[in-house]
Amino acid sequence: MDYEHLTRLFTDNGAYKAELVRQSDIVLSTEFRDICAGNGCGNFGKCWMCPPDVGEIGPMMEQLRRYPLGILYQTIGQLEDSFDIEGMGAAGDAHAQVSQRIQRAVKPLLGEHMLHLTCGGCHLCPVCAKRDDQPCRHPDLALPSLESYGVDVYQTSRATSLRYINGANTVTYFGMVLYSEDEHA
Ligand code: SF4
């Protein structure tokens with residue numbers, strides 16, 4: 001797999017930056033399950049793609065560790081100010097759309113042997129069906145959050161040129177596609 005061709009697909013489909021990470025650079029911690037349970041974002045127990053409904057963190061971390069490579073990517077949204085909650089939500093929606101475009105671009109190349117994680121809260125529906133105790137409306141499209149798999153995005157991004165914070169009045173969201181080159185050699 002031509003790494004430069006692969007990362008170009010990410011930026012061509014809306015990512016601000018995308019870069020290869022090796023499995024050894026991906027920092028995981030079970031602490032993220034406790035952080036999610038603190039419900040600072042309001043999605044804990046309210047979104048099928050977030051904890052606790054997304055699954056147990058231990059087996060999910062084991063699943064992630066099976067992929068030797070990943071492409072970490074980011075989008076940067078503009079805010080009116082640091083209290084612009086509406087702007088943060090809109091930037092999350094925009095990031096989720098970029099993730100869907102990336103998914104459509106890379107899946108034909110990577111097949112089923114990939115794991116695509118993105119920002120929390122899914123953002124595909126205006127209100128997640130979980131809030132009404134209904135099944136997920138788009139189970140083939142919905143993508144779980146990086147944090148639900150225990151990914152420490154800040155520490156992982158330090159192995160790349162992707163900056164975790166990108167200036168005043170911006171919000172940065174991340175995603176990562178994990179894959180195995182062997183499946184596609
Ligand atoms: S696709 Fe809709 S129903 Fe399914 S997890 Fe995402 S927001 Fe919830």
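How many of the 185 residues of this protein count as buried? The answer is 35%, where a buried residue is one with 20 or more other C-beta atoms within 10 Å of its own. Keep in mind as you look around that this is a predicted model.

Let's start with the overall layout. The protein has five helices and four strands, and if you walk along the chain from the N terminus, you meet them in the order α-β-α-α-β-α-β-α-β. With a radius of gyration of 16 Å, close to the 16 Å that the globule rule gives for 185 residues, the protein is as compact as a globular protein of that length. Its C-alpha trace spans about 45 × 35 × 30 Å along the principal axes. The chain also brings together residues that sit far from each other in sequence: take the contacts between residues at least 6 apart, and 80% of them join residues at least 24 apart.

Now for the strands. Strands of a sheet pair through backbone hydrogen bonds, and they can do that in a parallel or an antiparallel way. Here the four strands make an open sheet in the order β1-β2-β4-β3, and the pairing is antiparallel. β1 (17-22) and β3 stand at the edges with a single partner strand each, so one side of each has no neighbour in the sheet. On average, neighbouring strands are turned by 20° against each other, ignoring direction.

Let's cross the sheet from β1. Six bridges link β1 to β2, and you can spot Arg 22 opposite Leu 69 in β2. Next, strand β2 (residues 69-78) is joined to β4 by ten bridges, with Gly 70 standing opposite Leu 178 in β4. Finally, strand β3 (residues 114-117) pairs with β4 over four bridges. Look for Leu 178 again here, because Leu 115 stands opposite it in β4.

What about strand β4 (residues 170-179) itself: how many of its ten residues are buried? Nine of them are, so the strand is largely enclosed by the rest of the structure. A helix also packs on this sheet: α4 (residues 85-110) touches β2, β3 and β4, and its direction makes about 20° with that of β4.

One last stop is the ligand. It is surrounded by 13 residues, and the closest are Trp 48, Cys 122, Cys 125, Cys 128 and Cys 136. Sort the shell by type and you get ten nonpolar residues, one polar and two charged.

Notes
Residues numbered from 1 in each chain as written. Predicted model: local features only at pLDDT ≥ 70, side-chain atom pairs only at ≥ 80, totals over all residues. Near = placed C-beta within 6 Å. Nonpolar A, V, L, I, M, F, W, Y, C, P; charged D, E, K, R; others polar. Helix = DSSP H or I, 4+ residues; strand = E, 2+ residues; numbered from the N terminus. Rg over C-alpha atoms; globule rule 2.2 N^0.38 Å. Buried ≥ 20, exposed ≤ 12 C-beta atoms within 10 Å, placed from the backbone. Contact = placed C-beta atoms within 7 Å. Pairing = 2+ DSSP bridges. Axes fitted to C-alpha atoms, helices over the stretch in contact; angles between N-to-C directions.
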